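Trainee: I should like to understand how the descriptive terms used for a structure follow from its values. May we go through them one at a time?

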Amino acid sequence: MATFSGKPKPKPKTILVALSGPSSSGKTTLARLLRDALSPHIPTFILHEDDFYLPDAQIPIHNGLEDWDCVESLDLADLERTLTHVKEHGALPPGHKSKEDRNSVGEVGVSDAVKAEIAKDAGELFKRINNSRKEGGDVTVALIDGFLLLLSPPLPESIPALFTPQLKLFLRTTHATTKRRREARSGYVTLEGFWEDPPGYVDKIVWPNYVEAHQYLFLGGDVEGELDESVCEREGIRGMPRELEDGGRGIAGVFRWAWGVLKEGVERECG
């Protein structure tokens with residue numbers, strides 16, 4: 001009879017990180033910063049929720065305007081299938097192409113020194129993890145960037161449940177900053193063309209949708225106030241510190257905070 005000795009090989013693990021928050025809060029910029037810091041040391045990729053919009057003709061109309069900022073504008077079934085594939089296989093589904101990557105990217109505003117600092121820390125972390133897991137224990141990090149990823153009906157609970165525990169990061173900003181940043185954008189590539197926000201779109205569509213979907217996270221429902229820590233803890237959500245809101249310490253501060261949360265989560269999952 002054959003005998004076996006030693007510890008069994010650890011199974012490959014995919015870390016699914018949710019980067020959510022209001023429009024123009026820096027989610028995509030942060031995802032790219034994290035990917036660039038991690039990818040030299042560990043397989044890392046980004047999945048954009050914006051790649052799951054319905055065809056242009058199926059976008060719902062609210063207040064006389066196409067509403068690209070509500071959950072009904074998304075193909076949730078396809079999003080869930082894709083997230084499930086990512087979790088099981090540690091890779092995007094074959095043939096997946098991102099339209100989000102064709103949208104313009106502004107200046108990041110993070111120095112090379114900060115990028116190098118976090119990349120070095122990431123390298124040391126994953127070297128320790130790889131040494132401890134030995135062969136067969138591959139780790140992949142998937143960064144999921146989206147404005148509606150957290151538990152807020154009618155989003156199915158099965159979607160946020162796919163994310164790695166305590167790695168649902170919530171960025172925050174104010175109405176004034178959202179309005180300024182969103183209105184400065186040239187527009188967005190869609191499945192069938194290009195979308196530009198009409199006048200008043202932030203006040204009529206973007207901000208009301210954000211408030212409705214996320215007020216449960218805040219004390220008294222005030223989305224410009226304090227986060228309800230008991231709710232965040234219950235849902236496994238890590239809220240960005242308020243002092244980083246609206247450019248406090250710049251995007252570098254958000255980058256450092258997010259890396260700290262991600263590092264803690266990876267160590268917990270893979271240690």
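Trainee: Why is E124 called partly exposed?

Mentor: This is a predicted model, and in it E124 has a relative accessible area of 38%. Partly exposed covers the range between the buried limit of 20% and the exposed limit of 50%, so E124, at 38%, falls into that class. The residue lies in helix α3. Its C-alpha atom is separated by 8.8 Å from that of H41, which is 83 residues away along the chain.

Trainee: What makes S111 partly exposed?

Mentor: The relative accessible area of S111 is 39%. Since the class runs from 20% to 50%, S111 is partly exposed. S111 is found in the loop between α2 (76–89) and α3 (112–133). Between the C-alpha atoms of S111 and A252 the separation is 7.9 Å, although these positions lie 141 residues apart in chain numbering.

Trainee: How do you know that S24 is buried?

Mentor: Buried requires a relative accessible area under 20%; S24 has 5%, and therefore it is buried. S24 lies in the loop between β1 and α1. Its phi is near 70 degrees, a positive value in a residue other than glycine.

Trainee: Which class does Q166 fall into, buried, partly exposed or exposed?

Mentor: Q166 has a relative accessible area of 29%. That value is not under 20% and not over 50%, the two cut-offs, so Q166 is partly exposed. Q166 is found in the loop between β5 and β6, and its phi, near 65 degrees, is likewise positive in a residue other than glycine.

Trainee: What makes strand β1 largely enclosed by the rest of the structure?

Mentor: Strand β1 covers residues 13–20, eight in number, and seven of them are buried; therefore the strand is largely enclosed. For the protein as a whole, 50% of the 271 residues count as buried.

Trainee: Which strands pair with β1, and in what sense?

Mentor: Strand β5 (residues 139–145) pairs with β1 in the parallel sense over seven bridges, with T14 opposite T140 in β5. Strand β6 (residues 168–170) pairs with β1 in the parallel sense over three bridges, and here S20 stands opposite F170. Two bridges are the minimum for a pairing, so seven bridges with β5 and three with β6 both qualify.

Trainee: In what order do the strands of the sheet run?

Mentor: Five strands form an open sheet in the order β2-β5-β1-β6-β9, with parallel pairing.

Trainee: Why are β2 and β9 placed at the edges?

Mentor: β2 (44–48) and β9 (237–239) each have a single partner strand, so one side of each is left without a neighbour in the sheet. Neighbouring strands of this sheet are turned by 25 degrees against each other on average, direction ignored. β2 is joined to β5 by parallel pairing over five bridges, and I46 has L143 in β5 as its bridge partner. Helix α2 packs on the sheet, touching β1, β2 and β5, and its direction makes about 140 degrees with that of β1.

Trainee: How are two packed helices described?

Mentor: The description uses the angle between their axes and the distance between the axes. In this model, the axes of helix α1 (residues 27–38) and helix α7 (residues 250–270) come within 10 Å and cross at roughly 60 degrees.

Trainee: Why is α1 called oblique to α7?

Mentor: An angle of roughly 60 degrees is neither under 35 degrees, the limit for roughly parallel, nor within the 65 to 115 degrees of roughly perpendicular; therefore α1 is oblique to α7. The crossing is right-handed. Among the residues that meet are L30 and L33 in α1, and V254 and W259 in α7.

Trainee: How many disulfides are there?

Mentor: A disulfide needs two cysteine sulfur atoms within 2.5 Å, and by this rule the count is zero. Two cysteines can still be classed by accessibility: C232 has 2% and C270 has 4%. The limit for buried is 20%, so C232 is buried, and C270 is buried as well.

Terms used
Residues are numbered from 1 along each chain as its sequence is written. This is a predicted model: local features need pLDDT of at least 70, side-chain atom pairs count only at pLDDT 80 or more; totals for chains, interfaces and linings use all residues. Side-chain values use heavy atoms; hydrogens and water are left out. Buried means under 20% relative accessible area, exposed over 50%, partly exposed in between (1.4 Å probe, protein chains only). Helices (H or I, at least four residues) and strands (E, at least two) are DSSP runs, numbered from the N terminus. Axes are lines fitted to C-alpha atoms, for helices over the stretch in contact, and angles run from 0 to 180 degrees between N-to-C directions. Angles under 35 degrees count as roughly parallel, over 145 as roughly antiparallel, 65 to 115 as roughly perpendicular and the rest as oblique. A crossing is left-handed if the near helix is turned anticlockwise from the far one by less than a right angle, and right-handed if clockwise. Contact means heavy atoms within 4.5 Å.
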